[in-house]
Amino acid sequence: MKQHFLFILSVALLSMILPACQENSNIPMPGDNSYNQKGGSMVDTSSCTAATIKEALVIIDHLNDGETTTEMYKISGTVSQNNTSADLIPDTYSNINFTIKDEASGSTLACWYTNNLNNRPFTAMTQVPLVGSKLTVIGPLCRYVDKSGNVKPEMTNGFICRIDSMIAPKPVGPLPDCPEPAEGQISVSKALEIGRALASGETTPDKYKIIGVVCKITEAPSSYNNATFYIQDNTKAQFYCYRMKGGSVTLNKAEKLEVGDIVVVETAITNYKGTTIESVANQGNIIQSNNPNFK
C-alpha cells in the first residue's frame, strides 16, 4: 500500500515538473503560426559576431578554400546588386542572392541563399529588397572557389535580420499595349524571327531598333551601371535585353526603368548558344522611353 502511494505521488510530482522543461512555443502570439510554416528555422543569434564588410573579407581571406565558418556574423550594408530577379519569388525561389556594399570603404560581399526576416522564406516579390535598400544580414562566411579556381568571398545560407531602408518592387498590374513599330523599327516578334534564323552563337552584322513593353526586370541598374530586362509585344513574345546602356552612356541610379515602360532599344541580335535570342552584352542601348524619370 505504501509503495502504491509513493508511485502516485511520483507521477503527480512529474506532472508538475515536466511542463517547466518543455521548449517554448515558436508561435509569437495567439493565432500566428508563421514560424511553424514550412521552410526556415529559428536561429540563436545571441552569440553572433558583428563585423563590417571589410572585416568579413579579412576573415574569409584566412579560411581554407571551400571552408565555411561555424560562427555566425552580423553585417550591415546597402544592396548594390540583385542576383535573383524579384519576379521569380516565390514561384521559382523562396530565398534570394544579392550583394551588399559598405558605402564608406566600397567593400562588397555576396549573400547567397538568403532568407527573409526571422529566417523565413520569401513569400512575395514585394518582399525582395532592391538596389539601394539598407539592411543587416546574419550568417556564416564562406571562401567559395568556383570551377575555374576563382575565390569568391560570400555569406551563405544566412538571413535578413533587420531592414533600415527598403526599396521594393512594385506589384505588377496589367501591362499597356505595345505600339506598332514606327518606320525604321521592328517588333519583338520580328526580332525573335531574325534571331532564330541565325546559327547558334551567330550575331547579326547590323543593329535593329526594337520597340516593346518592359515586362520583367532582372537588374536596373546593375553594379556595372547597365540594365538587364525583357520586352514584349502584343503577342506576349519576349526579347531578352542583356546588359544594356541608357542611350550612349551607362545607367545611373537616377534612371528609373520600370515594368510597363514602352521603350525602343537599339542592338544587334544574337542567338546565344542556340537557346536564347537576345541583345549583345554591353553593346545595346535604350534610345527611347515613355518614362519621364528615365533620362
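This is a short chat about the pockets and the overall build of a predicted model.

Visitor: How many helices and strands are in the chain?
Guide: In this predicted model, the chain holds three helices and 16 strands.

Visitor: And what share of the residues counts as buried?
Guide: Of the 295 residues of the chain, 39% count as buried, while the surface that the chain exposes comes to about 16,600 Å², with carbon and sulfur atoms supplying 52% of that area.

Visitor: Okay, pockets now. What volume does the largest pocket have?
Guide: The largest pocket has a volume of about 760 Å³, and among the 33 residues that line it, Leu-130, Pro-169, Ile-217, Ala-220 and Leu-257 are the closest to its centre.

Visitor: Which strand gives the most to that lining?
Guide: That is strand β10, spanning residues 208-219, which contributes five residues to the lining of the largest pocket.

Visitor: How does the lining of the largest pocket divide by class?
Guide: By class, the lining of the largest pocket has 18 nonpolar residues, alongside seven polar and eight charged ones.

Visitor: What about the second largest pocket, which residues lie nearest its centre?
Guide: The second largest pocket contains about 340 Å³ of space, and of its 13 lining residues, Gln-81, Asn-83, Thr-99, Ala-110 and Trp-112 lie nearest the centre. The elements giving two or more residues to this lining are β2 (73-82), β4 (108-114) and β7 (151-156), with β4 giving the most, at four residues.

Visitor: And its classes, how many of each?
Guide: The lining of the second largest pocket divides into five nonpolar, six polar and two charged residues.

How values were computed: Residues numbered from 1 in each chain as written. Predicted model: local features only at pLDDT ≥ 70, side-chain atom pairs only at ≥ 80, totals over all residues. Heavy atoms only, no water. 1 Å grid on protein atoms, 1.4 Å probe; cavity = no way out; pocket = protein on both sides within 12 Å on 5 of 7 lines; lining within 4 Å. Points joined across faces, edges and corners; volume = space filled by probe spheres on them. Nonpolar A, V, L, I, M, F, W, Y, C, P; charged D, E, K, R; others polar. Buried < 20%, exposed > 50% of the residue type's maximum accessible area, 1.4 Å probe, protein only. Areas by Shrake-Rupley, 256 points an atom, 1.4 Å probe, with all protein chains shown as cover.
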